[in-house]
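This report introduces a structure to a reader who has not met it before. It is set out by chain, with one table near the end.

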Amino acid sequence: MQFFYHFGKYFILLTKVFSKPEKSRIYYNQTLKELINLGVNSIGIVIIISAFTGAVITLQTAYNTENPFYPRYLIGLMARDTIILEFSSTMVGLILAGKIGSSIASEIGTMRITEQIDALEIMGVNSASYLILPKIIASVLFNPLLTMISIAVGVFGGWIAGTATGVVSSEDYIYGIQFAFIPFYVTYALIKTVFYAFIITSVSSYYGYFVRGGALEVGRSSTKAVVYSCILILLCDVILTQLILS
Amino acid sequence: MIKVDHIWKSFDHQTVLKDISVEFEKGKINLIIGQSGSGKTVLLKSIVGLLDIDKGEILFEDIVYSKLNFKKKKEIRKKIGMLFQGSALFDSSTVEENVIYPLNMFTNMSYEEKRERANFCLNRVNILNANHLYPSEISGGMQKRVAIARAIALNPEYLFCDEPDSGLDPITTLRINNLIKEITEEFNTITIVNTHDMNSVMEFGEKIIFIHMGQKWWEGTNKDILHSENEKLNDFVFANHMAKRVKQMKLI
């Protein structure tokens, strides 16, 4: 029953979020702020994690495929496909759920318990739309770019690690990342990213928007926001993979 | 005039407001008093429409506000200014941006006009040279005054104050109360104030309603309160030892 209660409440909130904005210009400015806050400020963590994970994927692939029958360029190919198909979309999605999901839930939650949301409502502002819509738009627009950056940095990190440790030559790795490349895999990763961006921002906003109590509850709602965003991202991954790649 | 007509409000089977009826008048400070947990804030939030009531009606002039949809409520809300218990200033905005916010949302003023209006409102509450400070950089009393400046930015017809004196020293409390009184007279607003500060009650209570356990227990003025025989009201108003002695000795 609790599931249906939250499910219904979440969709009622979404109808409020997607209603006509009071003043488009204000929303436009808010969206630009959120692009910086949620998008640009996440580039650093995405680069660091993608570089190291790309390196580890390459090394793991190399050490687990030490077989004279396997050509060495397969290391590059496997690293590329792992990074594009799962890491840069789903893993980065999970990382962003932790970073921006908790930030959104605690920001909106704090606004709720300090009556700032009530102040917006009293002024006649649609607080749900004003606070949540710019975040959704910013993430849906910017997260695909983060995924592209992650793919590029991950593949580059793999090349650095592979050539520095000598498990694969530079030529083999570069040949591998170009071999049998299916461009649609990138489209698939970007489609998933858009869905994940929507899940992270809307679910986290939901938990922040309806928080009741004090600092402890804000902390709890922030944790819930991350946990449920992650679960929904993984569920969405299964569904989208089956729908798009089958 | 704001009319509250037999309203009821419950949370999870616990009835917080029971059959409350009252009328609030223009140009006067209307006080809602009562102990913590008596239902004052719920009553105030029900009147402004932040909480939906279960039964009864709330009328702003002749409009049944409590039955309006969100879109129609918005039109009345633009005429409402509200001062929250914790000021509710936007943390990420400066003092000036906080006051400009409602002007940005609901007027087509130029940037210069908005700044001029914001400065007028800030000067009106005696906030000088603090335009570029953030709420966390100013004192509690200043935060309340900035919140009042934001509340009056759109020339409200209705002013609601939820415990404007909470967490303030007696002198700052007096300043805030004087400011609310001046604004009520200047803008001719219907002002409703939630308080349990007895100095405010005695000083400004042109109309007072006493809420006890979710019910309206008493209604009158600050002059009536001194001579009331209502036991619950006397227990609340003359709660401390000194006040009791003063009442017994009929010094007031």
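## Two sheets, helices and cores

In chain B, N30(B) has I192(B) of strand 8 as its bridge partner. The model is a predicted one. That residue pair belongs to the pairing of strand 3 (residues 29-33) with strand 8 (residues 190-195) of chain B, two strands that run parallel and are joined by five bridges.

Both strands are part of an open sheet of six strands in chain B, ordered 6-7-8-3-9-10, in which the pairing is mixed. The edges are taken by strand 6 (80-83) and strand 10 (215-220) of chain B; each has a single partner strand, so one side of each is left without a neighbour in the sheet. From one strand to the next, the twist averages 15°. Helix 1 (residues 40-48) of chain B packs on this sheet and touches strand 3, strand 6, strand 7 (158-162), strand 8 and strand 9 (207-212). The direction of helix 1 makes about 155° with that of strand 8 of chain B.

A further open sheet in chain B has four strands in the order 2-1-4-5, with antiparallel pairing. Its edge strands are strand 2 (14-24) and strand 5 (63-64) of chain B, each of which pairs on one side only. Strand 1 (residues 2-11) and strand 2 of chain B are paired over seven bridges in the antiparallel sense. Opposite I2(B), in strand 2 of chain B, stands F24(B).

### Chain A and its helices

Chain A contains nine helices and zero strands. Its C-alpha trace spans about 70 × 40 × 35 Å along the principal axes. Of its 246 residues, 44% count as buried. Among the contacts in chain A with a separation of 6 or more, 88% come from residues 24 or more positions apart.

Helix 2 (residues 24-39) of chain A has 16 residues, which at 1.5 Å a residue should span 22 Å; the end C-alpha atoms are 21 Å apart, in agreement with that expectation. Which residues of helix 2 of chain A are buried? They are E34(A), L38(A) and G39(A). Seen down the axis of helix 2 of chain A, these buried residues fall within an arc of 85°, so they line one face of the helix. An α-helix has 3.6 residues a turn, so residues three or four places apart point the same way. On the other side of helix 2 of chain A, the exposed residues are R25(A), Y28(A), L32(A) and I36(A). The cover over the buried residues of helix 2 includes helix 4 (73-113) and helix 6 (127-165) of chain A.

Helix 7 (residues 170-178) of chain A has D172(A), Y173(A), G176(A) and I177(A) buried. Because they cover an arc of only 125° around the axis, they lie on the same side of helix 7 of chain A. S170(A), E171(A) and Q178(A) are exposed on the other side of helix 7. The buried residues of helix 7 pack against helix 4 and helix 6 of chain A. After helix 7 of chain A comes A180(A), which has a positive phi near 50°.

### Nonpolar cores

The largest nonpolar core has 104 residues, of which M82(B), V99(B), I148(B), A149(B) and F160(B) touch the most other members. Helix 6 of chain A supplies the largest share of this core, nine residues. Residues up to four places away in sequence aside, I148(B) touches L83(B), V125(B), L179(B) and I183(B). A second, separate core of 16 residues includes I75(A), I84(A), V168(A) and Y173(A). In soluble globular proteins, nonpolar side chains tend to be buried together.

### Positive phi in two loops of chain B

Most residues other than glycine have a negative phi. The table lists two residues of chain B that are not glycine and have a positive phi.

| Residue | Phi | Loop in chain B | C-beta neighbours inside 10 Å |
|---|---|---|---|
| E61(B) | about 55° | between strand 4 (55-60) and strand 5 | 12 neighbours |
| N155(B) | about 50° | between helix 5 (140-152) and strand 7 | 11 neighbours |

With 12 such neighbours, E61(B) counts as exposed. N155(B), with 11, likewise counts as exposed.

Technical notes. Residues are numbered from 1 along each chain as its sequence is written. Chains are lettered from A and ligands numbered from 1 in the order in which they are written. This is a predicted model: local features need pLDDT of at least 70, side-chain atom pairs count only at pLDDT 80 or more; totals for chains, interfaces and linings use all residues. Two strands pair if DSSP finds at least two bridges between them. Axes are lines fitted to C-alpha atoms, for helices over the stretch in contact, and angles run from 0 to 180 degrees between N-to-C directions. Two residues are in contact if their C-beta atoms, placed from the backbone, lie within 7 Å. The expected span of a helix is 1.5 Å times one less than its number of residues. A residue is buried if 20 or more other C-beta atoms lie within 10 Å of its own, exposed if 12 or fewer, and partly exposed in between; C-beta atoms are placed from the backbone. The arc is that of the directions from the helix axis to the C-beta atoms. A nonpolar core is a set of buried Ala, Val, Leu, Ile, Met, Phe, Trp, Tyr and Cys residues joined through C-beta atoms within 7 Å.
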